[in-house]
Amino acid sequence: MTRKKKSLSELLFVPLGGIGEIGMNLALYGYGPEEDREWIMVDCGVSFAGPDFPGADLIFPDTRFLEEEKHALKGIVITHAHEDHYGALLDLWPRLNKVPVYATAFTAALLAAKREGEAGAPKIPVEIFAAGDRFKVGPFEIEAINVTHSIPEPVALAIRSPAGTVVHTGDWKIDATPVLGKPTDEKRLREIGDEGVLAMVADSTNAMREGISPSEKEVSASLGDIIRSAKGRVAVTTFSSNVGRIRSIAAAARDAGRQVLLMGRSMRRVCDVAGELGYLEGIPPFLGEQDFGYIPPEKAVIILTGSQGEPRAALARLSRNEHPSVSLSKGDLVIFSSRSIPGNEKGIIEIKNALIERGIEVLEDGAKLVHVSGHPRRSEMRQMYEWVRPKIAIPAHGEAAHLTAHALLASELGVREVIPVRNGGVVRLSPGAAAIIDEVPVGRLYKDGRLIGSAEEMGINERRRLSNVGQVSVLVELTAKLQMREDPDLVALGMPKDDAAGEEIEEIMIDAAAGAVESIPPNRRKDLDLVAEAVRRAVRGAAFEAWGKKPIVTVFVTRS
């Protein structure tokens, strides 16, 4: 008997999210022969659904391929606690064989706090690691490397296998004077580069911006100047995860003799975790919304959520003057200490306009230094490539323009192989030349209330149509002799009331429905499906003639 020859061991990289889009970062690394390959997963992120996805709360990467391979999935490693890197864990972990999760102490604590606020969320056991640690996950040895980013305890990963080392940068920048934590570990990255790096999967977010990002210390000093010179209340909105920024604002308020009030559930949750881990040492206790009435305007600083225009966040409610216990007045100052995520611009502009209409001053990045990105610009990226010197470059974390700019930069820096992969592409890193050798199913899952599924399963596309053209329900009752018992009963939702001539569109559609039934010979009305389809077409046609749009029409026909 001839024994089947075992295939060669391969080192693979498969992105399922975060490449070709912003958010939902999820990457797979696999090693071994095809029949015995083992996988690890890096990050498990989420995106927030906007008006283009009516009814959806969150968007996740498609896990079809992962669920097929979950028997071979050995662990999930999280680089940091931003929602686009860890926010899908509570929902997707139960689908993935409940494999071990590895994260830093801050990420683990934030995950636990998040779980407490979500009914029915699973308790995920987390293996804690810190920058500098090494640990085994399946066929890989992982080394966590300290980097600087806009959240505590971010790490890059050196992922070692018998086929070579991959550096997965996560989100990072070079900041010699970070407010929290240590600078990006140049020494260790150079040492790993000296050992030899097969490939680097690297952040592309600011690949189109030349120069070096300003330091967080510079932003801190600028915010201090602004707060000290303000006459009335100062409200600062930023990402709730940016603990360094929150600390800078709170320190500036303390030094200016002001008290700090926190607003927003996620802001309070992050600050509770940061305080427990010592990241807010030396900062006076934050006040709650119930304390607002006791703080003179010139002594108040409010740190709040809503920097991305979220309609239910604290800032949006203040802009509409809808909060029951906190308000802003003419002469107060609102600082947007953040940059808008693509797609959120409309909501942010609406909030700014509402504030300005009420005489509230709005200050954003560009007018003064009130924000700095946590991602590297091109000069920082050049330094990273100089330190690591990979044979293969894979641009990640960005939209098409960012990825293309990153790929061109890597080529200019002399990287031998640059792989322009997108979500779902299977990249063979070794053996042989790097290449995209296959594709796996890729897409999006939507969380709607307690349910998770595809756009079709969640009815997202149908809801989008409903939001554009409305819906009409028609009931036609036929007698035993197949005559209409009375005029069709019709209910229209989300449609205009009258046409251009002032006639009621509902009456026009009722007449069309009745006419459709009467046009069918009585002996053919026994086919109730035929009657329903004729009425549906007639109602849609009448609506189009009166309105110029065709609603979604559902027809029920009964015979008794």
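This section describes the overall make-up of a predicted model, followed by its aromatic pairs, a charged surface patch and some backbone exceptions.

The protein chain contains 16 helices and 27 strands. Its C-alpha atoms fill a box of roughly 90 × 90 × 45 Å along the principal axes. Of its 560 residues, 54% count as buried.

Aromatic contacts were examined next. A pair of aromatic rings is described by the distance of the centres and the angle of the planes. The count comes to six aromatic pairs. One of them, formed by Y102 and F135, is stacked, with 5.2 Å from centre to centre and 15° between the planes. This pair links distant parts of the chain, since Y102 belongs to strand β7 (residues 101-103) and F135 to strand β9 (residues 134-137), 33 residues apart. Both Y102 and F135 are buried. Together with F129, Y102 and F135 form one aromatic cluster.

On the surface, a patch of negative charge gathers E486, D487, D489, D498, E503, E504, E507, D511 and E518. Helix α15 (residues 505-518) supplies the largest share of this patch, namely three residues. Another member of the patch, E504, is located in the loop between β26 (489-493) and α15. The relative accessible area of E504 is 46%. Patch membership requires over 30% relative accessible area, a cut-off that E504 meets because its value is 46%. The same value makes E504 partly exposed rather than exposed, because the exposed class begins over 50%.

The backbone was then considered. Most residues other than glycine have a negative phi, and most peptide bonds are trans. A cis peptide bond joins S430 and P431, with omega at about 0°. P431 lies in the loop that runs between β21 (425-430) and β22 (435-439).

Positive phi values occur at K98, where phi is near 50°, and at E153, where phi is about 60°; neither K98 nor E153 is a glycine. K98 is placed in the loop between α3 (89-92) and β7, and β7 is also the strand that holds Y102 of the stacked pair. E153 is found in the loop between β10 (140-146) and β11 (155-161). K98 counts as exposed because its relative accessibility is 54%, and the exposed class holds values over 50%. E153, at 22% relative accessibility, counts as partly exposed, because buried residues are those under 20%.

Conventions
Residues numbered from 1 in each chain as written. Predicted model: local features only at pLDDT ≥ 70, side-chain atom pairs only at ≥ 80, totals over all residues. Heavy atoms only, no water. Patch = residues over 30% accessible without salt bridge, like charges linked within 9 Å, V, L, I, M, F, W, Y side chains within 5 Å. Areas by Shrake-Rupley, 256 points an atom, 1.4 Å probe, with all protein chains shown as cover. Salt bridge = Lys/Arg side-chain N within 4 Å of Asp/Glu carboxyl O. Lys, Arg positive; Asp, Glu negative; His and termini not counted. Charge placed at Lys NZ, Arg CZ, Asp CG, Glu CD. Helix = DSSP H or I, 4+ residues; strand = E, 2+ residues; numbered from the N terminus. Buried < 20%, exposed > 50% of the residue type's maximum accessible area, 1.4 Å probe, protein only. Phe/Tyr/Trp six-rings, centres within 6.5 Å; stacked < 30°, edge-to-face > 60°.
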